[in-house]
Every structure is written in structure tokens, then in C-alpha cells.
Amino acid sequence: MHSFLNNLGIKKENLGGCYGIDNWVGYGETIISINPATGEPIAKIRLIDEGEYNNITKSACSTFKKWRELPAPKRGEIVRQIGNALRKKKEDLSKLVSLETGKIYTEGQGEVQEAIDISDFACGLSRQLYGNTMPSERQSHRLYEQWHPLGSVGIITAFNFPVAVWGWNALIASVCGDTTIWKPSSKVPLCAIAVQHIVNGVLADNGWETGVFCLACGDGKTVGSWISKDPRIPLVSATGSVSMGKKVAENVAKRLGKTILELGGNNAVIVSEHANMDLTLPAILFGAIGTAGQRCTSLRRVLVHSSRKDDLITRLIKAYSSVEIGDPLDPDVRMGPLIDGRAVSDMMMALASVEEQGGAIIYGGKRLRGNFVEPAIVEVPGNVPIVSKETFAPILYIIEYSDFDEAVQLQNEVPQGLSSAAFTTNLTEAEYFLSCSGSDCGIANINVSTSGAEIGGAFGGEKETGGGREAGSDAWKAYMRRQTVTINWGNKMPLSQGIDFSK
Ligand code: UN1
């Protein structure tokens, strides 16, 4: 066992449920977390059963009644301490992220940094949960809105960002006065267990014994479905595939609950005839190969002006050939493995359909060994069916265009709407791309990659991406309930809209 696992409280066998500092449970099925780089087991996890799920949820709901009474800045102070605890464990936790997800160590560090940054953001936010005051149309009346805690929030996260996405949701929700129940991906439960240990330490220091931050490890068919059907949980925030999101949305809608959905992306970069190639190349490389193409913001499509295509392809092939693929913990490596064998076969299946859809693989695309693959560059004649589908792997589709309008249309005609970018030094193109007739995505960048969004902005997208927003800006509002208040401080009873009801 690596020493960093011991430092994080990970044992050979771990319980996968927790609803308070001494309340670890897990007497359901046992699963094994596998290192995607070697295929070797890391540790065992005992998932929770339905009875344990109920106890966790009961604890989260009853703790909510106390947690919401704690003044928001005091909740923020506890979240600030969580940020500091994450800082102390950053190196160990980043290594675990890298070991369990297969992302390279520097990206593991970036991921933990996102959780630290959001704790700082959430702490500041805890003093800024502002409501508006509006002028009342009636004399001696005050009209305003206030934001109250919502309840126990369900958080379903994907394998690719096992720490940061929890942070975006749980740390914001908790300063808002909510308690949380976290169902991490069954592919990376150890990251969640490690985070839970860190959080438990802080809760213990602050005298919070029960379910403020709860953990519920299990698969989508059990825990995911229990959470989404549970009327005790007013909000479910789910990150993952479109098909998972549709199931969650349907279950939550049946009970008229709320969702925050952050689902698939099919992100494009437009490389205009006015692009500065020195900026474009590294941005494309990071977007397409970072996290081995397994970010929802990963770059999937390059829409390139015909005058720049040959030059771009030559430069890209050169850059791709120098990418070191291998052990994600090796500092020279820039691309680790895919998460599992299924991800590899999804990639191979997508590539197999390229030719019959009129495309050509112009670089890479071979399985190397185990879960390691060569990243692929593929030229296609437009958004052919395989391009419209999000394959969670490092396949970069190159599509040629001849005028900027056409590029924007190509960018928008896929079902997903998460992230987008245009590389151009032309003001008219840039402003058009950002206008209401331009990109239809939740994220639109100029001369910046599609991936690597900062936590300060609201994160999420439109169409099949699900419409939810997480992390910064005013995304916090989704974790609270808005109450509109009218106070009559006068001694008359005027009705709104001037109605006279006295005769
Ligand atoms: C995700 O892939 O689910 O923008 C999140 C980025 C990261 C987060 C991605 N900050 O690439």
C-alpha cells in the first residue's frame, strides 16, 4: 500500500457510507477500486444497502434542521477550515486522484486546487447570500426577497473529477445551509472516502457529530435511483452522461423536485483565418489530450478555416507525436490511461465507424496496452453521426469551413451545449461568436481552450448538457429557496394592482 493512502485513511477494506464522524457504514456489496494504469486492485469498498441509505438520509435531514440555524458566516468558517484541511492533504489527495482516475499528477493537483479554491469562494459567499429589495407599489410597504436553506441535497459525481465537482456542489450547498449526500462514481470511490475523512476531521473539531456532509457509495441503479426518487431530497445535482442525467431528471421530475444537471459536452474550437497559431496549438493540445480526453469540457471538434487546415494538421501531428503516454504519476507523462476497458472499446468503436461515415483517421487511434491508447486525430466532412455523439476518449475531429458563419453553425448543430471557443484576432468574428447569434453553449471563450474553466464563473451548459450551473457566480441560488416577502408597516390595507375591495 502507498504511504499516501495511509495518510488519507484508506485501508485495504473501506466502508462506503458515512453520516457523521463515527458513523461509517457499508454492509452491501463489495467492490474493488482498480488502478486504470496497471489493472491492479487498489483497495476494497463495501457499498451501502438500502437500510443504510435510509439512515444516512435520516441523519442528513435531521442535521439540516440544526445546520440551517447556524449563521451562514459560521458555516463559511467551517468550510474555510475544510479548505485548509484540503491544503494540508493536497499532495496525498492529488496522488490518489491520479492513481484512481489515471489523470496525470499535475492535473490531480489542479483538481484538488479547484476544491480548495471553491472553499475560499464559498467562505466569502457565506457573507454574501444577498436578496434584492424591490420598490413596492403600495404605500408604507416593503417588498424584498430572501434566500433560505433548501434541505438535504443529493450530489452525484462522475469518475473524471472526483474531488472538484463534489467541492463545487457540497461546499456551496453547505454555506447555503444545506446538508449533502454524496454518491460518487463507483469507479473512483476511494477519492470520496479520502475526502470524507478530511471533512470528518474538520466537523469533529467543530463539534458536528452527525450528517452535515454524508457519503453514500453505491451504483446508479441503487443509490443513484434511491436519491433521485427520494422526496426527502429537494435537489439533486448530477454530473455525468446524458443517459444518466435523463434517468435522474425523470425520477426527480416525477416528484417535482429540482435538479442541477451537468451532462455531456461536444466542445468545439473554431480556428479562424485570423487565428494566432502560437496560442491555438497549446490550447488545442490541452483541450483534446488533457485527462486523456475524459473531461466533459474536453475538446472534441476543431472547425478550421480552409486556409489554415494543412498548417494546423501538420503542427498538430507534430505536437501529438511528442506527447508522452504512460504512468500518470511520472512527471514527464502528459497522458495517462483511459478509465477502463469499456472506455477503450467505446473509443475503438467510434473510430471503426469513421471511414464508413466519410472520415479518415490521420493520426493515432491504436490501443497500446491495457487501458492506454494513442490519441486520435480524425478528419471528417462535417458533423457526421459519430461526431454528434460524445465519445469520452481522446478523439479529435477536424472539420473544414470556409466562412465564419458556417463555422458557428457547425459549432451549434450538435445536441450538446457545454463549452466552445474561437481562436481569432478579428474583433468582428470574436464579438459575433459571443453575441446571441453566436455560440449556443454555457461557456464561450476567445483564444482560450474549451477545458480548464475557472471556478469563479458559473459552470454548465445548454441543450443535452442539462442546463444546470455549478461553482461560481450566482450558481449558489439553486441550492437555496427564494422567499418573496411583503411587509405592510402602515395603518391602511391597500391592495396590489389598485383593486378596491371595500364596496
Ligand atoms: C468536468 O469535466 O466534469 O473546465 C469538469 C474544466 C474543469 C472542470 C471539468 N474545470 O475542464
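**View 1. The largest nonpolar core of the predicted model.** In this predicted model, the largest nonpolar core comprises 74 residues, and the members that touch the most others are Ile-10, Leu-93, Leu-96, Trp-166 and Phe-213. Helix α7, spanning residues 189-205, supplies the largest share of this core, with ten residues. At least three residues of the core come from domain 1 (3-263 + 466-483), and at least three come from domain 2 (267-446).

**View 2. Contacts of Leu-96.** When residues up to four places away in sequence are not counted, Leu-96 touches Phe-4, Leu-5, Leu-8 and Ile-10, together with Leu-190, Cys-191 and Ala-194. Leu-96 and Ile-10 are both among the core residues that touch the most other members.

**View 3. Another nonpolar core, apart from the largest one.** This core has 57 residues, including Val-271, Met-277, Val-380 and Ile-399. In soluble globular proteins, nonpolar side chains tend to be buried together.

**View 4. Residues around the ligand.** The ligand is surrounded by Glu-114, Asn-160, Phe-161, Trp-168 and Glu-262, by Arg-295, Cys-296 and Thr-297, and by Ser-451, Gly-452, Ala-453 and Phe-459.

**View 5. Polar contacts of the ligand.** A nitrogen atom of the ligand lies 2.8 Å from a polar side-chain atom of Glu-114, while an oxygen atom of the ligand is 2.9 Å from an N or O atom in the side chain of Arg-295. At Gly-452 the contact involves the backbone, a polar atom of which is 2.9 Å from an oxygen atom of the ligand. Of the 320 Å² of accessible area that the ligand has on its own, the protein covers 99%.

Notes: Residues numbered from 1 in each chain as written. Predicted model: local features only at pLDDT ≥ 70, side-chain atom pairs only at ≥ 80, totals over all residues. Heavy atoms only, no water. Core = buried A, V, L, I, M, F, W, Y, C linked by side-chain atoms within 4.5 Å. Buried < 20%, exposed > 50% of the residue type's maximum accessible area, 1.4 Å probe, protein only. Helix = DSSP H or I, 4+ residues; strand = E, 2+ residues; numbered from the N terminus. Domains from an automatic or database assignment. Contact = heavy atoms within 4.5 Å. Near = heavy atom within 4 Å. Polar contact = N/O pair within 3.5 Å; in protein donor to acceptor, adjacent residues only side chain to side chain. Areas by Shrake-Rupley, 256 points an atom, 1.4 Å probe, with all protein chains shown as cover.
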